[in-house]
Amino acid sequence: MYAFIGREKKIPVSVENLGDYQFFQRENPETIDLETFQDHQAVVIDSREIRFSLGLVNRFRGASTLNLYLKPIFLYSELPIEDSYVMALVDGTVDAATMRGSVSARTEQLADAIAQYKDIEQDTFESTVVVKTLRFMVTRGRRLEPVTMPKSRFGFSYPFLGAQFRDRDDARLFSILDLIDNENLMEKHFVDRIHLCNRCKSSFINFRELCPRCHSADLEVSDLIHHFSCGNVDPETKYKVHDQLVCPKCKKILRHIGMDYDKPSVVHTCRVCQTTSQDPEVWGLCRYCGNDTPSERLLYRDLKSYSLSSASLNFALNGLHFTLADFLKGHLEIVNYPTFQTIAHYENERALRYKRPSVIVNFQLLNFSELVTGFGQRREEVALEMARIIKDTLRDSDIITLLNDNTFVFLLVETPRENAEAVGARLDKRFQGLMASNFPGITLQTHLQAMELTEFIDRKEQEEKQASHE
Ligand SMILES: [Zn+2]
Ligand SMILES: [Zn+2]
Ligand SMILES: [Zn+2]
């Protein structure tokens, strides 16, 4: 069964007798209960009024269950639809002549592609959105492309991403793009470089040259004239005498450009303080928040389009998974867990023989997935700093491994237990400090546990015994 949703009471005459359609007349796209359409194979939206369909399509794509956000959606219209934003979100347009055939054919193709997925839980809003987006791209064979949006604060949007926010200008858009870029979730293709206000991220910026002395924008631009015979260089205004050019230095008349003189560049003369400069500063004034800033201090981003990579298919299927191992790769020497256990075993025997105990510290970053998303473009910098803190706090002889995606295990050789607890606390304090000074919005949640090495080995043996009994 398919659903036909329209605003008008009157269903288009030509389609009202299609037996496999249920018709719904609704006034406001914002209040429609989407659950009603959970089981329809596809939805056709009457798009004789484009705002109605845009509002409704956005809500479907922003829904949380895949039955709704991947729903095959078609726009019913007798005229071509020019809006590239809404077209990026739907599976085609149909009219009275094509509706019957093309909706069912395309829906069948999509159904197979959609059937490979199950609803899965993700740790953060950003990863949830990325997984939904990947699935939309895979099932539709589409790229994720930016669309110019003069009415958006950022000046652009990505239609499927835009549908995930109540407010189109939600700055979380950038953390989603950072996540895609940093974790290489898709193939990237450069589109353009954009400049954004460094206070409010608006792209509505007025760029202008300012007088380097008094900061006025009231500058007169004129050609600079270089007089060959005497070498004088001055703005054209200083040469102008009636309708002739007369050198202010040697008083000769300049006749032919290229023979008597040339114009090597332009010069800006301030109408307020008369300062001339060849290289005035360029400042950007934000139309949104009034922030005026040197252009080199504005934020810039490379706007990209994205296509699927072989890794994308796996992320779409299984979701995103962030591990400390991936995060710290190349920055810190980490042994794998089986090797760690072997080392721990020998170290334990040595410690027992010489009566110099060693300890194990488990250090867990409970909200690691959330942290990774929050680091954004500074991910590498943070990884480097975290690795540096660990190297500073531990000794070269200590051994590091990872128990799972978010837990370090440290073997601190010849260390009394009290000292181990102090080492753990010092690490925790420095990590907290790193977060507090760089990411005020993020709270690091940790869990620390220290135990004697013998205890760790006993536990391991217990677990092995249990495993062999099962
Ligand atoms: Zn000035
Ligand atoms: Zn001259
Ligand atoms: Zn601004």
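**Figure 1. The loop residue Asn-184 counts as exposed in this predicted model.** Asn-184 has 12 C-beta neighbours inside 10 Å, and it counts as exposed because a residue with 12 or fewer is placed in that class. Asn-184 belongs to the loop that joins α7 (172–182) to β8 (187–196). Its phi is positive, about 50°, although Asn-184 is not a glycine. The view also includes Glu-183, which is in the loop between α7 and β8. Glu-183 has 20 other C-beta atoms within 10 Å and is therefore buried, since 20 or more is the cut-off for that class. Between the C-alpha atoms of Glu-183 and Arg-100 there are 43 Å in space, and the two residues are 83 apart in sequence.

**Figure 2. The buried residues of helix α7 line one face of the helix.** Leu-173, Ile-176, Leu-177, Leu-179 and Ile-180 are the residues of α7 that are buried. Seen down the axis of α7, these buried residues fall within an arc of 155°, so they line one face. An α-helix has 3.6 residues a turn, so residues three or four places apart point the same way. Which elements are included in what covers the buried residues of α7? They include α5, α6 (159–162), β20 (299–307) and α11 (368–375). After α7 comes Asn-184, with its positive phi near 50°.

**Figure 3. Helices α5 and α8 pack at an angle of about 120°.** Helix α5 spans residues 125–140 and helix α8 spans residues 310–318, and their axes are 8 Å apart. The crossing in which α5 passes α8 is left-handed. On the α5 side, the contact is made by Val-131, Leu-134, Arg-135 and Val-138. On the α8 side, Ser-312, Leu-313, Phe-315 and Ala-316 make the contact. Divided by character, the residues of this contact are 6 nonpolar, 1 polar and 1 charged.

**Figure 4. The buried residues of helix α8 are on the same side of the helix.** The buried residues are Ser-312, Phe-315 and Ala-316. Why are they on the same side of α8? Around the axis they cover an arc of only 100°, which puts them there. These buried residues pack against α5. Where are the exposed residues Ser-310 and Asn-318 found? They are carried by the face of α8 that is turned away from its buried side. Just after α8, Gly-319 has a positive phi of about 90°.

**Figure 5. Helix α10 has a buried side and an exposed side.** The helix comprises residues 337–354, which is 18 residues. From its first C-alpha to its last, α10 reaches 25 Å, close to the 26 Å expected at 1.5 Å a residue. Phe-340, Ala-344, Asn-348 and Ala-351 are buried in α10. They cover an arc of only 80° around the axis, and therefore they are on the same side of α10. The other side of α10 holds the exposed residues Pro-338, Thr-339, Thr-342, Tyr-346, Glu-349, Arg-353 and Tyr-354. Which elements do the buried residues of α10 pack against? They pack against the strands β22 (399–404) and β23 (407–412) and against the helix α14 (453–469). Lys-355 follows α10 and has a positive phi, near 55°.

**Figure 6. Gln-274 is an exposed residue in the loop between β16 and β17.** Strand β16 comprises residues 266–270 and strand β17 comprises residues 276–277. Is Gln-274 buried or exposed? With 10 other C-beta atoms within 10 Å, Gln-274 is exposed. The phi of Gln-274 is near 70°, a positive value in a residue other than glycine.

**Figure 7. Met-451 of strand β24 is partly exposed.** Strand β24 is formed by residues 446–452. Met-451 has 15 C-beta neighbours inside 10 Å and so counts as partly exposed. How far apart are the C-alpha atoms of Met-451 and Ile-360? They are separated by 5.3 Å, although the two residues are 91 residues apart along the chain. Not counting residues up to four places away in sequence, Met-451 touches Val-359, Ile-360 and Phe-456.

Definitions and conventions
Residues numbered from 1 in each chain as written. Chains lettered and ligands numbered in written order. Predicted model: local features only at pLDDT ≥ 70, side-chain atom pairs only at ≥ 80, totals over all residues. Helix = DSSP H or I, 4+ residues; strand = E, 2+ residues; numbered from the N terminus. Expected span 1.5 Å × (residues − 1). Arc of directions from axis to C-beta. Contact = placed C-beta atoms within 7 Å. Axes fitted to C-alpha atoms, helices over the stretch in contact; angles between N-to-C directions. Left-handed = near helix turned anticlockwise from the far one by under 90°. Nonpolar A, V, L, I, M, F, W, Y, C, P; charged D, E, K, R; others polar.
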